[in-house]
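The report that follows looks at two ligand sites and one pocket in turn. It describes what surrounds each of them and which parts of the chain contribute.

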Amino acid sequence: MTNHQDHNTEIVKSTKTDRFQGHDYYNVDDLLTTEHLLVRDSVREWVKQEVSPIIEQYAERAMYPRHLVKGLAEIGAFGPSLPEKYGCGGLDEISYGLIMQELERGDSGIRSAASVQGSLVMYPIYKYGTEEMRMKYLPKLASGEFIGCFGLTEPDHGSNPGGMITNIVDDGDCYILNGAKMWITNSPIADVAVVWAKDEEGKVRGMVVEAGTPGFSAPEIHGKWSLRASITGELVFEDVRVPKENVFPDIKGLRGPLSCLSKARYGIAWGVIGAAMDCYDSALRYSLEREQFGKPIAGFQLTQKKLAEMITEITKAQLLAWRLGTLANEGKATPAQISMAKRNNVHMALEIAREARQIHGGMGITQEYSIMRHMMNLETVLTYEGTHDIHLLITGHDVTGLQAFK
Ligand code: TGC
Ligand code: FAD
């Protein structure tokens with residue numbers, strides 16, 4: 001497989017028209033405000049102009065389309081619901097969700113870039129950082145001048161981050177950080193990393209580590225068949241001196257990183273509706289145009305079963321996301337409600353990608369269509385930000401009061 005590169009010399013924009021149309025079977029648009037619709041439509045247009053013409057080529061070459069970072073910042077994809085004071089959008093949670101939906105309609109890797117920057121890097125700096133940290137980092141992250149990454153997962157601690165061994169030891173005006181993180185989106189190109197590590201009391205602490213700090217490296221992970229247009233790496237810390245002013249002062253324990261995950265999981269619950277809609281839209285059009293046995297394949301009952309079930313599941317997912325959005329706007333969305341929506345909607349999108357692939361027959365495995373790329377991407381989305389089964393156990397815990405993780 002081709003390695004990630006930071007240049008795009010061989011890539012020319014495809015002239016193929018992106019014919020995507022959104023689908024709204026239950027008039028969910030009537031539940032949205034004019035601002036929501038404006039935000040959604042402008043991101044949809046940006047994706048058509050900037051992402052669709054290049055994404056297959058970047059995914060094929062396993063390259064991150066880094067030149068899109070500036071455009072992502074311009075459309076307000078980085079920290080859309082954080083305050084304008086820090087260069088962010090000051091939008092509501094439904095606008096944030098709709099931005100993620102449109103980005104993931106283009107590619108899950110592009111949505112990932114926005115999720116990590118906004119929900120996993122900017123949000124903790126905003127929520128848990130000092131005002132100095134906010135002013136130092138947030139405007140640069142919002143404008144795309146800085147790229148951030150989020151280090152929670154370790155080689156031996158994925159679903160169970162509480163077992164992490166990365167640690168800090170007090171050394172006067174600094175902490176000394178040692179350990180390693182694995183599967184970190186954007187780490188090889190990040191200017192700053194939000195890192196979670198245990199202190200001497202065994203409490204999880206969060207901190208901002210700047211690239212270039214001696215002892216800190218971020219090797220790339222190669223060979224992914226999923227999220228190929230996203231860059232993933234490790235974080236390695238060998239006696240890294242982290243100034244005390246870079247450590248979030250008041251948050252201790254797993255609640256810190258898990259609260260950031262709630263923000264990002266919320267965005268994923270919306271995002272994957274975009275991938276599902278793209279697969280459905282393509283399958284509907286293809287089935288009306290493709291003829292076998294003398295008629296369009298859309299005229300066969302078995303194809304209609306697939307299409308009818310797809311639009312039913314998309315509609316249910318839209319309603320779930322919208323209701324979750326209204327709860328989030330009121331500050332009432334619980335982590336367990338977010339888990340349910342992440343799990344349901346990602347699984348829904350993956351199943352739709354598989355059905356859409358069948359409707360496209362052999363063409364469905366080619367890069368002529370977006371289906372196979374979405375399907376491969378969604379395998380990661382099913383696993384990161386809490387696996388499908390971990391989210392089921394979170395719901396189980398919530399409804400029974402008994403936790404079954406351990
Ligand atoms: P547990 O005892 O349940 O919880 C510890 C403390 O955290 C609180 N809490 C949460 N707070 C806010 N939001 C949430 N979602 C929360 N979940 C739990 C909880 O109330 C408690 O607070 P306190 O004050 O009482 O201490 O912790 P546990 O160790 O039993 O673990 C529970 C479990 C398994 C659900 C959790 O560890 C988990 O969610 N595991 C999955 C790990 C995960 O999702 N990793 C994702 C890594 S980041 C990533 O994948 C980025 S991909 C980015 C991209 O490219 O888009
Ligand atoms: P494991 O935890 O080892 O799980 C393996 C299997 O065991 C899964 O099916 C799981 O459901 C199951 N399992 C585990 N525990 C239980 C249990 N108690 N009961 C039942 N089944 C269980 N992490 C970051 O911190 N930052 C990032 O930016 C980031 N980006 C990522 C990008 C990509 C492309 C990928 C693939 C991952 C990324 N991750 C990131 C890591 C991701 O969050 C983890 O992969 C995920 O949390 C699962 O951890 P694991 O891979 O170690 O699997």
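Strand 3 gives the most to the shell around ligand 2, supplying three residues. In this predicted model, strand 3 spans 174-185, and helix 10 (371-383) and helix 11 (388-400) also each supply at least two residues of that shell. Altogether 17 residues surround ligand 2, and the closest are Phe 150, Thr 153, Ser 159, Trp 183 and Thr 387. By class, the shell around ligand 2 divides into eight nonpolar, seven polar and two charged residues.

Where does ligand 2 lie with respect to domain 2 and domain 3? Domain 2 (148-246) and domain 3 (255-400) both give residues to the shell around ligand 2, so ligand 2 lies between them.

Polar contacts to ligand 2 include backbone atoms of three residues: a backbone N or O atom of Phe 150 lies 2.9 Å from a nitrogen atom of the ligand, one of Leu 152 lies 3.0 Å from an oxygen atom of ligand 2, and a polar backbone atom of Trp 183 is 2.7 Å from a nitrogen atom of ligand 2. Of the 980 Å² of accessible area that ligand 2 has on its own, the protein covers 68%.

**Ligand 1**

Around ligand 1 there are 25 residues, of which Ser 112, Ser 262, Arg 265, Glu 385 and Gly 386 come nearest. The table sets out polar contacts of ligand 1, with the part of the residue that takes part in each.

| Residue | Part of residue | Ligand 1 atom | Distance |
|---|---|---|---|
| Ser 112 | side chain | oxygen | 2.7 Å |
| Arg 265 | side chain | oxygen | 2.7 Å |
| Leu 258 | backbone | nitrogen | 3.2 Å |

The protein covers 73% of the 1100 Å² of accessible area that ligand 1 has on its own. Helix 5 (108-128) and helix 7 are the elements that give two or more residues to the shell around ligand 1, and helix 7 provides the largest share of that shell, with six residues. The residues of the shell around ligand 1 comprise eleven nonpolar, nine polar and five charged.

**The second largest pocket**

The second largest pocket has a volume of about 600 Å³. It is lined by 24 residues, and those closest to its centre are Lys 16, Thr 17, Glu 368, Tyr 369 and Ser 370. Which elements each supply at least two residues of the lining of this pocket? They are helix 2 (55-61), helix 4 (93-106) and helix 7 (255-289), and the largest share of the lining, six residues, comes from helix 7.

At the level of domains, the lining of the second largest pocket draws at least three residues from each of domain 1 (19-142) and domain 3 (255-400). In terms of residue class, the lining of this pocket holds eleven charged, eight polar and five nonpolar residues.

Taken together, helix 7 recurs in two of these descriptions, since it gives the largest share of the shell around ligand 1 and also the largest share of the lining of the second largest pocket. Domain 3 likewise appears twice, as a contributor to the shell around ligand 2 and to the lining of the second largest pocket.

Note on methods. Residues numbered from 1 in each chain as written. Chains lettered and ligands numbered in written order. Predicted model: local features only at pLDDT ≥ 70, side-chain atom pairs only at ≥ 80, totals over all residues. Heavy atoms only, no water. 1 Å grid on protein atoms, 1.4 Å probe; cavity = no way out; pocket = protein on both sides within 12 Å on 5 of 7 lines; lining within 4 Å. Points joined across faces, edges and corners; volume = space filled by probe spheres on them. Helix = DSSP H or I, 4+ residues; strand = E, 2+ residues; numbered from the N terminus. Nonpolar A, V, L, I, M, F, W, Y, C, P; charged D, E, K, R; others polar. Domains from an automatic or database assignment. Near = heavy atom within 4 Å. Polar contact = N/O pair within 3.5 Å; in protein donor to acceptor, adjacent residues only side chain to side chain. Areas by Shrake-Rupley, 256 points an atom, 1.4 Å probe, with all protein chains shown as cover.
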